[in-house]
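Student: Got a minute to go through this model with me? I'd like to start with the strands.
Tutor: Sure, put it on screen.

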Amino acid sequence: MSRAGCAALSFLLAPFLALACNDQRVTVARVTPTSPDSEAERRARMVETQIVNRGVRNARVLAAMKQVPRHLFVDAKERDPYGDHPLPIAGNQTISQPYIVALMTELADLAPGEKVLEIGTGSGYQSAVLSRLAREVYSIEIVPELARESAERLRKLGYGNVTVREGDGYRGWPEHAPFDAILVTAAPDRIPQPLLDQLAPGGRMVIPVGSFFQELKVLSKDRNGKITEKDILPVRFVPMTGEIEKTPPAPE
Ligand code: SAH
């Protein structure tokens, strides 16, 4: 085709090309508002709709839930890290639903200078939330791969006041006891006595108890060592494994 012919063709096509461009602009304009929100916005929405609406009001707990990047504690392929449900992690385990993490944290009632023990580190998400509210967090995980990965993740993300160790949490962590609060995130069928023993006077233990039917409980130890127990709500956690499964309950 001659040069003149080519120019004529471009001239003839110009309106269509312009249309195509316009079209593209329209498409871009339409896509922008529905593009993924920032993770911080998702967390703020998660806190409002799933946590505040269900009655968790402790401002420090809400701030921690807004701050800790839940999406970095799950598989990068997870499509809905801020959804209103538990999420799978390695080793057939799960991170609790955001509301349950917030509720358990609120029930632990932590003051900034306190020391807390968690049984069941899993991904390290609950430990990270606790680390925003307490001075020191100790966490025990029975699955070696999870213990290794969560310790590494917490270190990389800068949660310097969390110490993770691999092991069976049934016997607690006597070297660091007593604890102002103990959170158990796997369900035993009864309360492990060594954990109660490691609770400081004035301390709180938040623990799901049961097998198929479980109840989230708070046990408080008063200044004289007397324990009171309160049922909070029915829950569904993975079972606590290890020694507790092998030892029969002590006779009444
Ligand atoms: N808190 C975790 C989720 C916990 S899932 C998070 O935020 O991701 C429960 C965890 O408890 C699992 O990782 C499971 O391996 C661990 N677990 C079960 N029995 C245990 C025991 N006896 N001692 C320590 N960890 C235990």
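Tutor: Start with one bridge: Glu 215 has Pro 234 as its bridge partner in strand 9. Keep in mind that this is a predicted model.

Student: How many bridges join strand 8 to strand 9, and do they run parallel or antiparallel?
Tutor: There are 8 bridges, and the two strands run antiparallel. Strand 8 covers residues 214-221, and strand 9 covers residues 227-235.

Student: What about the hairpin between them, which residue takes a positive phi there?
Tutor: Gly 225, with phi near 90°. The hairpin has 5 residues between its strands.

Student: How many residues of strand 9 are buried?
Tutor: The count is 0 among its 9 residues. Strand 9 is hardly covered.

Student: Where does strand 9 stand in the sheet?
Tutor: At an edge, and strand 5 (162-166) stands at an edge too. Each has a single partner strand, so one side of each is left without a neighbour in the sheet.

Student: What's the full strand order?
Tutor: The order is 5-4-3-6-7-8-9. It is an open sheet of 7 strands with mixed pairing. On average, neighbouring strands are turned by 15° against each other, direction ignored.

Student: And strands 3 and 4, parallel or antiparallel?
Tutor: Parallel, joined by 5 bridges. Strand 3 spans residues 115-119. One of the pairs puts Ile 119 opposite Ile 140, its bridge partner in strand 4.

Student: Switching to the ligand. How many residues surround the ligand, and which are closest?
Tutor: 24 residues surround it. The closest are Gly 120, Gly 122, Gln 126, Gly 169 and Ala 186.

Student: Which elements give two or more residues to that shell?
Tutor: Strand 2 (93-95), helix 5 (125-131) and strand 4 (136-141). Strand 2 gives the most, with 3 residues.

Student: How does the shell divide into nonpolar, polar and charged?
Tutor: It has 12 nonpolar residues, 10 polar and 2 charged.

Student: On to helices. At what angle do helix 2 and helix 3 pack?
Tutor: About 135°, with the axes 8 Å apart. That makes helix 2 oblique to helix 3. Helix 2 is residues 39-52 and helix 3 is residues 59-67.

Student: Is that crossing left-handed or right-handed?
Tutor: The crossing of helix 2 and helix 3 is right-handed.

Student: Now the backbone. Which peptide bond is cis?
Tutor: The one from Ala 177 to Pro 178, with omega near 0°. Pro 178 has its place in the loop between strand 5 and strand 6 (179-184).

Student: What is phi of Asn 92?
Tutor: Phi is near 65°, a positive value in a residue other than glycine. Asn 92 lies in the loop between strand 1 (87-89) and strand 2.

Student: Is Asn 92 buried or exposed?
Tutor: Exposed. Asn 92 has 8 other C-beta atoms within 10 Å, and a residue with 12 or fewer counts as exposed.

Student: What about Asp 109, what is its phi and where is it found?
Tutor: Phi of Asp 109 is near 50°, again positive in a residue other than glycine. Asp 109 is found in the loop between helix 4 (98-108) and strand 3.

Student: Why does Asp 109 count as partly exposed?
Tutor: Because Asp 109 has 17 C-beta neighbours inside 10 Å. Buried takes 20 or more, exposed 12 or fewer, and partly exposed is in between.

Technical notes. Residues are numbered from 1 along each chain as its sequence is written. This is a predicted model: local features need pLDDT of at least 70, side-chain atom pairs count only at pLDDT 80 or more; totals for chains, interfaces and linings use all residues. Helices (H or I, at least four residues) and strands (E, at least two) are DSSP runs, numbered from the N terminus. Two strands pair if DSSP finds at least two bridges between them. A residue is near a molecule or strand if its C-beta atom, placed from the backbone, lies within 6 Å of it. Ala, Val, Leu, Ile, Met, Phe, Trp, Tyr, Cys and Pro count as nonpolar, Asp, Glu, Lys and Arg as charged, and the others, Gly among them, as polar. Axes are lines fitted to C-alpha atoms, for helices over the stretch in contact, and angles run from 0 to 180 degrees between N-to-C directions. Angles under 35 degrees count as roughly parallel, over 145 as roughly antiparallel, 65 to 115 as roughly perpendicular and the rest as oblique. A crossing is left-handed if the near helix is turned anticlockwise from the far one by less than a right angle, and right-handed if clockwise.
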